[in-house]
There are 2 protein chains.
Amino acid sequence: MTVNGSAHGNGHVASSSRSPLQLEPSSTEAARVLPQVLELVQGFIASGEEPESYVAPWGSIPNFRKAISLSLPDTVPQNNDDALLEAVKLVFDNSVNPWTGRFLDKLYAAPTPVGIAADLVLSAVNANAHVMSASPVLSLAEERCVEGLCEVFGFTEKKADGLTMPGGSSANTLAVQTALANIFPRFRAQGLLGVMQQLIEEKRAPRPLLFTSSQCHYSLDKAAISAGLGLDSVIKVDCDATGRMDPNALDAALTAAKESGAGTPFLINATSGTTVLGSFDPLPELAAIARRHHCWLHIDASWGGPIVFSHIATYSDLMKGSSMADSITINPHKLLNVPLQCSFLLVRDADTLSANSLDAGYLFHSSDRRENAAMKTMGCGRRGDALKFWLYWVRYGKHGFGHHVDAGLHLASELVDYIRSKPDQIELGPLADPLFLQICFRPLQPANGVSDVSQNGNVVAKQLSGAEVKRRSAATQFVYQELKTRRMFAVDFAPLPNGIGDYIRLVVHPRTRMEDLKMLVDQVAEIGQLYWQQQQQA
Amino acid sequence: MTVNGSAHGNGHVASSSRSPLQLEPSSTEAARVLPQVLELVQGFIASGEEPESYVAPWGSIPNFRKAISLSLPDTVPQNNDDALLEAVKLVFDNSVNPWTGRFLDKLYAAPTPVGIAADLVLSAVNANAHVMSASPVLSLAEERCVEGLCEVFGFTEKKADGLTMPGGSSANTLAVQTALANIFPRFRAQGLLGVMQQLIEEKRAPRPLLFTSSQCHYSLDKAAISAGLGLDSVIKVDCDATGRMDPNALDAALTAAKESGAGTPFLINATSGTTVLGSFDPLPELAAIARRHHCWLHIDASWGGPIVFSHIATYSDLMKGSSMADSITINPHKLLNVPLQCSFLLVRDADTLSANSLDAGYLFHSSDRRENAAMKTMGCGRRGDALKFWLYWVRYGKHGFGHHVDAGLHLASELVDYIRSKPDQIELGPLADPLFLQICFRPLQPANGVSDVSQNGNVVAKQLSGAEVKRRSAATQFVYQELKTRRMFAVDFAPLPNGIGDYIRLVVHPRTRMEDLKMLVDQVAEIGQLYWQQQQQA
């Protein structure tokens, strides 16, 4: 039998059976190409460390789009490394440089060289972590990291389990799906229609409801859409002024939902480290309420989870009560500087993950989930992301993670002091209590006098008129745009709760230099003054 | 304000604000550590190229577990690279080595050094591809690759779109969710309960149904569970002897579901490259049926999609009709040897992805999905996997992809000829028509005489008695276990459709050497003879 196809299109039929992806031994190609790429990597890191380097290569996306176009060639010269190396240079020349330490825009920062080493290893091993026979060490690393994390979060009473997921949103979504399947036995086969029938038979309201705070990550909304619950099934519970879910409001909302027949509560999501303010929901109170209302308790600790490693009791205590949760999401790719993505979903009771298993004769040759991680999740193929976290653990140790987190807390605290030292130029936004790693602030018009800083460090911005909120938000936007144009700092802005308007939001990363943070505050003050002057002249 | 926590636990409170993750400049650490890791990477690749190297380090997982344990230290000496480098060595020493070219077990193989270079770059840039401002080049690479793929698949009439997903299963799941949200306007807000109400109002059966072949990937089942449809909503359609969905059976199943009131069909999944046999469902026929029944047509081309690049018309024609699909999944991390994970979901009509958008004031500052890829999906944070595919495209070109695929087809064809040359020792299983890259075969008892090879190359194993199927499956299992013990080849086994029992399934990768493939066949024959001899003696 021969493959006897006629040529078509351009008429280039392979004259030999050689793949153009292997015209020379891979070892030869690797020895030639990879050191050159590594040199470019090292150049990128080193240039990031120069104090004058731009953090962002482009001040505006439209300008970037006008200047850069990426080719998709039909044919390329074989065995010529130039195009590849040019492309790699183009990536580095036009990417945000997190090694500056001035990328304070998001909840992640530069990895450490250990992270790059880990990605190198993962790429060379290229093993799929769906079954252990294909990826023995990567699967074992996943198992060990899950064990270590479960211990830290107090999942020790039952046999706990967990797995890596391709991000916090995926992990939260799998938690919602796992909860549905465990609470409602018909979910797996009959779906939500079966769940509804069961609830009707039990004379309960037919809509399963998910409760979470108004400050939660939007992935909870997406999880509800994904699972076929719909956005209407997500009940947003009020927060206090520091962004923590109010347990009384939660209890009232649960009771109201049941009494009104709006639906049947099945899951409460607690956020440990909210996206904007960095607040931690009170876990013991939420756990007690979850138990009383027979709800699955999930903790979205994607961002704040590593606080569990802190050596400062006030902070590590923020995770007290985690052992009473049914599931926890934590993303070492955020606060612990593991490269993207590295996210875990942990479950207190390993058996709950059996709801996600399906047989596949061509893949699974036993029903042991320890040897078949893909049985724990809705996906199949999986990158061995746990290896990255394991190599960090080997390199820095559990205590090292704690010192790392604490270094960030010290920086944040010092930065707040610095901002407070400029009460006529900068208005400090609401802060988490205790202070975490996000700081929201905005320029203040000097004529406004000293900013309204209350005792606990939060502005009383709620008392501002709508017009004043608009004015200050406009100043914030101006500063944000000017910072983008200057390209020395990357920060974000966010509308804060309670209608107090937009604030610059920066994320203090534990490896950021204090000088840089202060310089940023100075620039916000300076650009703000410029803005108000322009406004007065206009 | 100061972080005044008391020490707890071990009492190690950070005495300075320095994170142990940055005790020296990253450039210094990178310059010291990364070249050493790269040397280990090169050693791994080179050792894989040695003809005598084991492909798998362990013949059995229990033995592996007994021998290897991974530490999770509390404290580690600072600035000491030894533990890290030891850990990396442990990974390489105990991992499957795909660079041997004898890993024929799964639908992926070793990447090329270009893939390792790409992972290196991604790790150093560490940019989140959720918004373009954080990852300008990675986002642009994603956009360009999506454009290139959409063009290849004929998504040119409307404005098409797409994005990378963390795997084919995720991509298929997002396709199902996107279809639900577009076909049933209430899905997003009210979930499946709203969908059911709408269907009842329209006097249609209230259960949305998904149709796919009995040979489809199990991720379609998982997608149905994930989306709250439940397994009962998945209707499996019969295939012909070569593993292709039978269009008449599909049409009949659709009509029957509607007439019986079992449910309302909303999606048809076509598989381009099935997991076991490598068969391609007939797209033009399925597209016509989908249109007639008002169903979303999704193509799971995770594995077989790259056939579209083939220069052999018989093969590239297998994707004819793709332009009529609503969505397509393709995984360059499989046949195109891009490192795990690299998977795309493409949609014919860009607007259909708007169903997956949610506002998040702290993340999105415009509603332009081109600048906010996270708006297209249910996730949020995303690794910039498209960069890997773009660098492959730059290096090999579109025509190179075609020559690569064709090289694999030539190998597969030659291998089938070789197996056919041993009709008294090896029974060839059913083959895809035209032959793709999977070959199923098993040892044959010499007493059985010449294997029953029919004209089109498929066994007439259906005629075997149940006892004979069991005997041959047992021989297959024996060979599989012995191959595992020998560790020179990694292959899988799979139960084939129509109750013909287990077969060794190997995946021909385009960069596998013909000598190795022949050696594997020889070993299967040899071990088989050994087995039958043992059986006779017992």
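Through which surface do the copies, chain A and chain B, meet? In this predicted model, 100% of the interface residues of chain B are also interface residues in chain A, so the two copies meet through the same surface. Superposition gives a matching picture: a turn of 180° with a shift of 0.0 Å along the axis lays chain B on chain A with an RMSD of 0.0 Å. That is the relation of a two-fold axis.

A helix pair that spans the two chains comes next. Helix α4 of chain A (residues 113–125) and helix α1 of chain B (residues 26–49) have axes that come within 9 Å and cross at roughly 15°. Because angles under 35 degrees count as roughly parallel, α4(A) and α1(B) fall into that class. The crossing of α4(A) past α1(B) is right-handed. On the chain A side, the contact is made by A:Pro113, A:Val114, A:Ile116, A:Ala117, A:Leu120, A:Val121, A:Ala124 and A:Val125. Their partners in α1(B) are B:Ser26, B:Glu29, B:Ala30, B:Leu34, B:Val37, B:Leu38, B:Val41 and B:Phe44. The spacing of such lists is worth a glance, since an α-helix has 3.6 residues a turn, so residues three or four places apart point the same way.

A second pair lies within chain A. Helix α1(A) (residues 26–49) packs with helix α3(A) (residues 82–93) at an angle of about 15°, their axes being 11 Å apart. That makes α1(A) roughly parallel to α3(A), and their crossing is right-handed. From α1(A), the residues taking part are A:Val33, A:Gln36, A:Val37, A:Leu40, A:Val41 and A:Phe44. They meet A:Leu84, A:Leu85, A:Val88, A:Lys89 and A:Phe92 of α3(A).

Turning to a single helix of chain B, α6(B) covers residues 168–183, which is 16 residues in length. From its first C-alpha to its last, α6(B) reaches 22 Å, close to the 22 Å expected at 1.5 Å a residue. This helix is mostly covered, with 13 of its 16 residues buried.

The loop between β6 (327–330) and β7 (343–347) of chain A holds A:Gln341. Is A:Gln341 buried or exposed? Its relative accessibility is 5%, so A:Gln341 counts as buried. A cis peptide bond joins A:Leu340 to A:Gln341, with omega at about -15°. For context, most peptide bonds are trans. Neighbours within four places in sequence aside, A:Gln341 is in contact with residues of both chains: A:Pro166, A:Gly167, A:His333, A:Asp385 and A:Lys388 on one side, and B:Gly381, B:Arg382 and B:Arg383 on the other. A:Ser219 is 122 residues from A:Gln341 in sequence, and the C-alpha atoms of the two are 16 Å apart in space.

One of the contacts of A:Gln341, A:Asp385, is found in the loop between β7 and α12 (386–420) of chain A. A:Asp385 is also buried, with a relative accessible area of 8%. Beyond neighbours within four places in sequence, A:Asp385 touches A:Leu122, A:Thr164, A:Met165, A:Gln341 and A:Cys342.

Several backbone details in chain B round off the survey. A cis peptide bond joins B:Asp433 and B:Pro434, with omega at about 0°. B:Pro434 lies in the loop between β8 (426–428) and β9 (438–443). Positive phi values also deserve a mention, as most residues other than glycine have a negative phi. B:Lys203, which is not a glycine, has a positive phi of about 55°. B:Lys203 sits in the loop between α7 (187–201) and β2 (208–213) and is exposed, with a relative accessible area of 77%. B:Asn498, also not a glycine, has a positive phi of about 65°. The loop between β10 (492–496) and β11 (501–507) is where B:Asn498 is placed, and B:Asn498 is exposed at a relative accessible area of 53%.

Finally, B:Thr255 belongs to helix α9 of chain B (residues 247–260). B:Thr255 is partly exposed, with a relative accessible area of 28%. Between the C-alpha atoms of B:Thr255 and B:Ala160, which are 95 residues apart along the chain, the separation is 31 Å.

How values were computed. Residues are numbered from 1 along each chain as its sequence is written. Chains are lettered from A and ligands numbered from 1 in the order in which they are written. This is a predicted model: local features need pLDDT of at least 70, side-chain atom pairs count only at pLDDT 80 or more; totals for chains, interfaces and linings use all residues. Side-chain values use heavy atoms; hydrogens and water are left out. Helices (H or I, at least four residues) and strands (E, at least two) are DSSP runs, numbered from the N terminus. The expected span of a helix is 1.5 Å times one less than its number of residues. Buried means under 20% relative accessible area, exposed over 50%, partly exposed in between (1.4 Å probe, protein chains only). Copies are superposed by least squares on the C-alpha atoms of residues with pLDDT of at least 70 in both. Contact means heavy atoms within 4.5 Å. Axes are lines fitted to C-alpha atoms, for helices over the stretch in contact, and angles run from 0 to 180 degrees between N-to-C directions. Angles under 35 degrees count as roughly parallel, over 145 as roughly antiparallel, 65 to 115 as roughly perpendicular and the rest as oblique. A crossing is left-handed if the near helix is turned anticlockwise from the far one by less than a right angle, and right-handed if clockwise.
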